[in-house]
Each structure stands twice: as structure tokens, then as C-alpha cells.
Amino acid sequence: MGAVVLKNIEKLYSDTIACTDINLSINEGEFFTFLGPSGCGKTTILRLIAGFVQPSKGTIHLGNRDITNLEAEKRQVGMVFQNYALFPFMTVAENIAYGLKIQKKSKQERAERVEKYTEMVGLSGFEHRNISELSGGEQQRVALARSLAIEPKVLLLDEPLSNLDARLRDRMRSEIKSLQKKLGITTIFVTHDQTEALTMSDRVAIFEKGRCIQIGPPEEIYAYPANSFVARFVGDTNLFAADIRNGKASLSDNVTINLETPAAGRFVSIRPQDIVFSTAEDNRKNVFPARVESIQFDGISVEYSVKVDDMSFRLVILNTSTFCHEITVGADVHIAIPGKSLKILEN
Ligand SMILES: Nc1ncnc2c1ncn2[C@@H]1O[C@H](COP(=O)(O)OP(=O)(O)OP(=O)(O)O)[C@@H](O)[C@H]1O
Ligand SMILES: [Mg+2]
């Protein structure tokens, strides 16, 4: 049995379905991420696991124990809230000791844990500061230390990096990840940022409108999206409705692509790095004349938007030392779309 198991979980707020039909089994020591757009039910599921709200339906197990009706304080679950929810009139040390006080730990044990976890998140020396005297990144560390101090079996992190600037976010990303591996703590991380999800997780669950759409390791979700929502949400893609039959996918009158293997479906997803520039003489299949509409340079790669008749395609080419910048806006070019790069999707 998994470390955290949700069976048929549903949560209704009067007539709003916050989440429904949720079945998840998270493994011991796993870094598991909930990824989905705003309002899809991510925070609700964390609050259900933490015990701050009760499910309308279903059960929650921690290991072999059914905790569905157990009070929050007894669950051994630590949570870092979306807005940190630190106590503004308490010092750093008082915030970190808060959960330990509720657990009626001795004064000495509280002091030891405060010292240990303040150091672990790199805030030694800040113990007596007020929360208002900390930067956003420091507050984030206090919130993390506060949830770790109770030495929970499960750590829940609700978009802990969303208020940080890009550089700090990158650093905290790897710090959280290495701390999690060091402690071996089962962690559920919530984000709407696909890069965070792909770079940090052992497995990712994709949510849409209160439902879990797909669960898998990052590479699998990226390579085999379950539907067009996942294809668009995880990684950039060219997504088209298509007429698919007899081993061919017709995206328009003039764009018909020979598939590598016959498949059935109504949509195709093509990753921008799979389409390449080509020449008319190129005898590869699936070559189409196109015009360059725009070019965006970002250092590591160059993104081109091209049109084949009225259809726009995006291509991304790595800016290696041998890369040639000869293609300009307005140029007439050819693009090749390898048949095997098409992911055929039913919906
Ligand atoms: N206490 C509540 N009362 C009524 N409706 C609620 C309550 N909490 C959440 N909801 C609704 O439930 C749905 C899911 O909300 P939730 O906070 O779980 O989304 P989320 O995925 O965490 O979104 P975000 O990325 O914006 O934080 C939303 O439609 C929200 O309006
Ligand atoms: Mg939320």
C-alpha cells in the first residue's frame, strides 16, 4: 500500500465540485506533484489530506491507517500554505516551534528542533527576527522549517515558490528537492508551473476542473499526453484538429502527413522541436512550402512561427555553435514534419 492513498475522493462546496473521482496512491519517499490550472482543485486535495476539510465522499489512508476522520493535529502531515500563512506577530523561532507547542513537546525538545530546522533551511541567526523583517524567500524558508519541525510523515507544499523571483525560485527548487531526498520524506508538491513539475517530480498528476486526467513520470507525460489539454499544458505544442484515416493525418487541404504507424483519433500534437527546416528537393516525406512569420531568439534556442497557407506552425531550433541564422522574416522556406513526431489524440 502507498504512503498516501486517496480512494474515490470528492469534495463539494454547496453546488461547486472542487474535486471528484480522485484515486491516487503516492509511494513512500516519493516526490509527487499536482499540476493544473487555477481552480482545478489542487489546494482542496491538500487540505483534505491535511485534515483541514472533510471529504464529501471517499477515504484517505496514511500507510495502512484510515485517517479520513482523524483530526488534523494527529495526522503527522506538515503543510506549507500557498501564502505561507506565517504568524506575523511571532518571531522566526516562535513560528517554527508552533506545531511542536500544539503537540505539547517539552521546551527543550522545541529548542532543539528549532535549532536543527532553522539551520537546515539556512536561517541560523534569524531566530529572533520578526516575520515582517524577512524577505519573501526567507519567509518561504520559515514556512518550510515550520512544517518540517513536526517531523511529519508526509509533507504538503502548496505552490511554495510562486511568490519568489525567477533566480530565487530556481535555487529554492533545487534546495527543496535535495532536502526532500536527504530526509526521504513523502512529499506532495502543488504547482501550476510545468517546468517546476517536470524538473522536480518522480511522478506528476495532471488536474483539470476537479478531475485527475493523467498520472506518470514527467518523461512519460510529456511523450504520451493523454489528451489535448495535457499536450498543451505540459510543454509547448502545435495542436490541430485533423482528419485521420488510412495512415494519414489531414490538417488542411494542403497539409496531409503520412503517419509512421496507423492510428485513430481527432487531434494531432506536434512538439515544436520535432519540425525542421528542409528543402523542396529533400526527398523526406511530409515536406511543405512555408513562409516565416516571426522569429524569437532566446539565447539557447530560436523559435520560428511559419505559415503553410493559413496554418501556423511553431518550430524551435537549438542555437548551437554551428547554427546558421540565415532564415529571416518573410523568407520562403520548406518545413518537414516527421510522421513519427505526431501524437494522435482522441479528445
Ligand atoms: N471554501 C470554499 N468554498 C467554496 N468554494 C471553494 C472553497 N475552496 C475552494 N473552492 C472552489 O473549489 C474549486 C477548487 O479550488 P482550489 O482552491 O482547490 O483550486 P486550486 O487548484 O488550488 O487553484 P489555484 O491554482 O488558484 O490555487 C474552485 O472552483 C474554488 O472556487
Ligand atoms: Mg491553490
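How do the residues of the shell around ligand 1 divide into nonpolar, polar and charged? Keep that in mind for the close-ups below, which all come from a predicted model.

**View 1. The shell around ligand 1.** Here's the answer to the opening question: four residues of the shell are nonpolar, six are polar and two are charged. Going along the sequence, you meet Y13 and A18, then P37 and S38, then the run G39, C40, G41, K42, T43 and T44, and finally Q82 and E159. Which helix gives the most to this shell? That's α1, covering residues 42-50, with three residues.

**View 2. Polar contacts to ligand 1.** Zoom in on the oxygen atoms of the ligand. A polar backbone atom of G39 sits 2.7 Å from an oxygen of ligand 1, and for G41 a polar backbone atom is 3.0 Å from a ligand oxygen. With E159 the side chain takes part: one of its polar atoms lies 3.3 Å from an oxygen of ligand 1. As for how covered the ligand is, ligand 1 would expose 640 Å² taken alone, and the protein buries 61% of that.

**View 3. The largest nonpolar core.** Now over to the core, which counts 34 residues. Those with the most contacts inside it are I96, V142, L144, L148, L157 and I176. Elements giving two or more residues to this core are the helices α2 (92-102), α3 (107-120), α4 (136-149) and α5 (166-183), along with strand β7 (154-158). Which of them supplies the largest share? It's α4, with six residues.

**View 4. V142 and its neighbours.** Pick out V142, one of the core residues with the most contacts inside the core. Leaving aside residues up to four places away in sequence, V142 touches L86, V92, N95, I96, L123, I131 and L134. I96, in this list of neighbours, is another of the residues with the most contacts inside the core.

**View 5. Stepping back to the whole protein.** To place the close-ups, here's the full protein: 347 residues, of which 48% are buried. Its C-alpha trace spans about 80 × 45 × 35 Å along the principal axes, and the protein has eight helices and 21 strands. Take the contacts between residues at least 6 apart in sequence: 65% of them join residues at least 24 apart. On the outside, the protein exposes about 17,200 Å², with carbon and sulfur atoms supplying 48% of that area.

Conventions: Residues numbered from 1 in each chain as written. Chains lettered and ligands numbered in written order. Predicted model: local features only at pLDDT ≥ 70, side-chain atom pairs only at ≥ 80, totals over all residues. Heavy atoms only, no water. Near = heavy atom within 4 Å. Polar contact = N/O pair within 3.5 Å; in protein donor to acceptor, adjacent residues only side chain to side chain. Areas by Shrake-Rupley, 256 points an atom, 1.4 Å probe, with all protein chains shown as cover. Helix = DSSP H or I, 4+ residues; strand = E, 2+ residues; numbered from the N terminus. Nonpolar A, V, L, I, M, F, W, Y, C, P; charged D, E, K, R; others polar. Core = buried A, V, L, I, M, F, W, Y, C linked by side-chain atoms within 4.5 Å. Buried < 20%, exposed > 50% of the residue type's maximum accessible area, 1.4 Å probe, protein only. Contact = heavy atoms within 4.5 Å.
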